[in-house]
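Thank you all for coming; I would like to take a few minutes to walk through one structure. Please have a look at the sequence and the fold before I begin.

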Amino acid sequence: MQFYQRVAKQASIQSFITANRLRYLGVPPFIATGNLEHKSKEYRFLVMPRFGTDLQKLLLENGDKFSPMVTFAVGLRMIDALHFIHDNEYVHADIKAANILQGYVKGKVIPNEVYLVDYGLASRYTVDGVHREYKEDPKRAHDGTIEFTSRDAHRGAFPSRRGDMEILGFCMLRWLSGKLPWEDNLKNAAYVASSKEKYMADIPNLVKTCLSGSSAADCIQKYLEAVQKMKYESTPSYDSLRKILLNGLEKAGQKNQWEINLQTSKGTKRKSTDFDMSPKAKKSKTPPAVVKKSRRKVIPDEPVEVVSPKKNKKTVEVPKKSPKLTKAKVSPKKSPISKSRTSATQKKKHFPMPPPTKKSPVKTPVKSRTPIKRKRVKKEQTNASVQTTPGLKSNS
């Protein structure tokens, strides 16, 4: 809250934008603050603009990597933000993808704008206008996010401007490569600190380990070498560092430094393996229907009504050896599904039915995927005709 009240004034931000000819500055402006009493407890609140998605979520969606165009474009905007913060005698000390948010205006995300947030570790590196002396303190060792924090922070020294630029370098290297050499044992802070000392003493080996054969290797190597030459109390050469990233951006094929096109990264567009359930797809492309076989057992002593899906005709199958149905009489005059009528209709439509054989009743071969509908036929014990259609009067 002190940082926002002292540094992030809208007038100061606008003045810096005008002086450096920027389109915008990736530092949230301070709007207001106040106190609120709730259930006998007093709370302080801070008002700031709303922002969009953080880059850590977008990084995971992009296969845990960013393209050189995205990496260097975001790096340029972070140098602008750190330049403003350092000019106001503060350091951030916790730069990472989770603390960088996209712009957001009137309910829409602005993908070409990124803002550095979360100033919980921000602190003044000066006392009465004089830079703090380098002093290691074991109690302060390893402050910050372990995989990205600076070597100064690992030693317990007070955060510095050099440390901010080094943290940004580790972030860009991580975005390009997908993994840093010391990420295999982040729980061991001493191991992480010694690994950073080892690799920063041989930056070409560090870049080769992370970005072997990458077109962005030369750019990130020059950036880290420039940071390595800085002293603890020295002011970073922001213009020189910007120029390094601008050259890397141009080599990657992007001339507009203000464009942050996350669609250029691999893994942004996902291909679904499921069926397309959009309204258009439902009409044109639908998954094939699965025909399940009925588990119902057909009782041989009962006549079965078979419906052919192709000819839409009904026939009555009566088992030959059924002793109970031999007495039943089928009325050919009133039955709408008699053999004579069925055969006549079939002749007109040129769909001949195979003649019944003595060994098996007449069956219509069904090759359709539609399951066969079977209905049990009610029959009476008297000499009544077999009722095959619901609602049909008997002939008794």
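I will start with the whole chain and then go through a helix, a hairpin, a cavity and one glutamate.

Please keep in mind throughout that what you see is a predicted model. The protein has 396 residues, of which 40% count as buried, and its secondary structure comes to 12 helices and 11 strands. If we take the contacts with a separation of 6 or more, 65% of them are between residues 24 or more positions apart.

Let me turn to helix α2, which covers residues 10–20, and in which Ile 13, Phe 16 and Ile 17 are buried. Looking down the axis of α2, we find its buried residues within an arc of 100°, and they therefore line one face of the helix. On the other side of α2 we have Ala 11, Thr 18 and Ala 19, which are exposed. As for what covers the buried residues of α2, this includes α4, residues 68–87. Just after α2 comes Arg 21, with a positive phi near 55°.

Next, the hairpin, where strand β1, residues 32–38, pairs with strand β2, residues 41–47, in the antiparallel sense and over seven bridges. Within this pairing, Gly 34 in β1 stands opposite Phe 45 in β2. Two residues lie between the strands of the hairpin, and Lys 39, in the turn, has a positive phi of about 55°.

I come now to the cavities, of which there are two when we count those of 30 Å³ or more. The second largest has a volume of about 30 Å³, and which residues line this second largest cavity? Its lining consists of Phe 72, Ser 215, Ala 216, Cys 219, Gly 248, Lys 251 and Ala 252, a set that divides into four nonpolar residues, two polar and one charged.

Finally, I would like to look at Glu 225, which has its place in helix α9, residues 217–228. Is Glu 225 buried, exposed or partly exposed? Its relative accessible area is 29%, and because this falls between the cut-offs of 20% for buried and 50% for exposed, Glu 225 counts as partly exposed. If we leave aside the neighbours within four places in sequence, Glu 225 is in contact with Ile 203 and Pro 204. Asp 202 is 23 residues away from Glu 225 along the chain, and the C-alpha atoms of these two residues are separated by 9.5 Å.

Note on methods
Residues are numbered from 1 along each chain as its sequence is written. This is a predicted model: local features need pLDDT of at least 70, side-chain atom pairs count only at pLDDT 80 or more; totals for chains, interfaces and linings use all residues. Side-chain values use heavy atoms; hydrogens and water are left out. Buried means under 20% relative accessible area, exposed over 50%, partly exposed in between (1.4 Å probe, protein chains only). Helices (H or I, at least four residues) and strands (E, at least two) are DSSP runs, numbered from the N terminus. The arc is that of the directions from the helix axis to the C-beta atoms. Contact means heavy atoms within 4.5 Å. On a 1 Å grid over the protein atoms alone, a cavity is a set of points where a 1.4 Å probe fits but cannot get out, and a pocket is an open set with protein on both sides within 12 Å along at least five of seven lines; lining residues have an atom within 4 Å of a point. Grid points are joined across faces, edges and corners, and a volume is the space filled by probe spheres set on the points. Ala, Val, Leu, Ile, Met, Phe, Trp, Tyr, Cys and Pro count as nonpolar, Asp, Glu, Lys and Arg as charged, and the others, Gly among them, as polar. Two strands pair if DSSP finds at least two bridges between them.
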